[in-house]
Amino acid sequence: MSNPVSDEATAHWPAPTVDGPVSATVSLPGSKSLTNRYLVLAALADEPSRLRAPLRSRDTLLMAQAMRGLGTGVEDAGATGAFGADWMVTPGELRGPAMIDVGLAGTVMRFVPPVAALATGDIAFDGDPHARVRPMGPIISALRGLGVTVVESDEGRLPFVVRGSGSVRGGTLEIDASASSQFVSALLLAGARFEEGLTLRHVGGPVPSEPHITMTVEALRDVGVVVDDSEPDVWRVEPGRVGGLDVMVEPDLSNAAPFLAAAVVAGGEITVPAWPQYTTQAGDHLRDLFDSMGADVSLHRDGLTVRGTGELYGLDADLSAAGELTPTVAALAALAETPSHLRGIAHLRGHETDRLKALATEINRLGGDVTETEDGLIIRPARLHGGVFHSYADHRMATAGAVIGLKVPGVSVENIGTTAKTLPEFTQLWERMLTPQDGPGRR
Ligand SMILES: O=C(O)C1=C[C@@H](OP(=O)(O)O)[C@@H](O)[C@H](O)C1
Ligand SMILES: C=C(OP(=O)(O)O)C(=O)O
């Protein structure tokens, strides 16, 4: 299975520092979470779809490849915009055999197996070395509960084979989704194509990343699927047709986090254009988070602008709804004047890496004062110094290192190329944000 190793994987990227206010407009490519939901729904639909300005990154290219492997056409179409051509998705009969490379993408490893169950033949799944330790058990058990055969060598882990019979009975299912909202999203996305639809009930500790489940429900309604989510922790998807889409993908608001953080660290202002007035993306939580940390945040017709005020406070926050923002928030907290307590994020231990451990280790390596708790981090003010910031093949660890490096001279980020998971253009956009014509320059 592919595990891209480039020169950047081992090289240490010297993170640029800034010594004055920043001033830039940073246009960001499409949302990973939306692009990968749309690809799955378009493959399950009974008519073609057009995805406008889809994200092209490792996670979404793997999803496109997975859908092609199961019989769906995904082709470039139309004029090339700032972020490439549109994607035309032509659904075909779902069929194996196929080998699906999930990379390290949670969306691919969780969303594709229920689609594979609707196909015929053996569909094998594997991914990067760390993908094999990310939680998969609830999806495998759920598929078995729906009458699907799944064969794995290490219980509840990749690699495994889904033995598709061409149809899934569906019905009622209990699942523990406390380790990842993606278990719920995965089953709901395919649920309308199950013969009896799906009634899914979560049992266990709280489900994290609630906005991502809302995103799934809204995307399903956009393609005409009837979903009842009126009772907490219960979702009912009616069996029925899945319609096509013609949709503009919103910019990735979680990927906006490190760029907007630059204004919080350095002062000045950063604007991200096309920030939606309404969105289900968890990245929208940045508005409140940065406001609490002392920045001036304004959502206006042209986008979202964050202005640094010279103040940077720590915060006490439950980040369970928007856990993927934690690395950026932790990087800011490590530079803040007052302590922070980030809570409700035990599930981050099952992300690209154990993010709680990785953040504590890497910030402390630079002289920080971070303690891991069972479900979060306590980050106290400390004077940081330069050094290597390891990324653990985690795109958001790499960008957290870049945020700290703005203020702390001599930080180098190991494997900055891992940002290709969701933002292959990261270093270009970052360096452009800091160039003299847009800002005060770098040293
Ligand atoms: O469904 C999605 O697109 C996602 C759901 C969340 O997963 P968890 O609930 O596992 O945190 C989020 O962290 C991830 O980046 C993307
Ligand atoms: C948790 C993340 O990704 P994944 O979709 O691989 O779970 C993330 O992007 O922060």
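Start by selecting A274 in this predicted model. A274 is partly exposed because 13 other C-beta atoms lie within 10 Å, a count between the 12 or fewer of an exposed residue and the 20 or more of a buried one. To see where you are, show the backbone on either side: A274 sits in the loop between β15 (268-273) and α9 (286-292). Now look at the backbone angles. A274 is not a glycine, yet its phi is positive, near 65°. That is worth a pause, since most residues other than glycine have a negative phi.

Next, select Y392. Here is another positive phi in a residue that is not a glycine, this time about 55°. You will find Y392 in the loop that runs between β22 (387-389) and α12 (395-407). Is Y392 buried or exposed? Y392 counts as buried, because 20 C-beta neighbours fall inside 10 Å and 20 or more is what the term requires.

Now for two peptide bonds. As background, most peptide bonds are trans. Select G96 and P97 together: the bond from G96 to P97 is cis, and its omega is near 0°. P97 belongs to the loop between β5 (84-90) and β6 (98-101). Then move to L158 and P159, where the peptide bond is also cis, with omega near -5°. The loop holding P159 links β8 (149-152) and β9 (160-165).

For the next stop, select a whole group: K32, G106, R134, Q182, R355, R396 and K421. An unreviewed UniProt entry annotates these residues as "binding site". Two of them, K32 and Q182, deserve a closer look.

Center the view on K32, which is in helix α2 (residues 32-44). K32 is buried because it has 28 C-beta neighbours inside 10 Å. Which residues is K32 in contact with, leaving aside neighbours within four places in sequence? Add L55, S57, D59, T60, D252 and T422 to your selection to show them.

Finish at Q182, in helix α6 (residues 182-191). With 26 other C-beta atoms within 10 Å, Q182 is buried too. Not counting residues up to four places away in sequence, Q182 touches G106, T107 and R110. Color G106 along with Q182 before you leave: the two are in contact, and both carry the "binding site" annotation from the UniProt entry.

Methods. Residues are numbered from 1 along each chain as its sequence is written. Chains are lettered from A and ligands numbered from 1 in the order in which they are written. This is a predicted model: local features need pLDDT of at least 70, side-chain atom pairs count only at pLDDT 80 or more; totals for chains, interfaces and linings use all residues. UniProt positions are given in the numbering used here, feature names are shortened, and annotations may be inferred rather than shown by experiment. Helices (H or I, at least four residues) and strands (E, at least two) are DSSP runs, numbered from the N terminus. Two residues are in contact if their C-beta atoms, placed from the backbone, lie within 7 Å.
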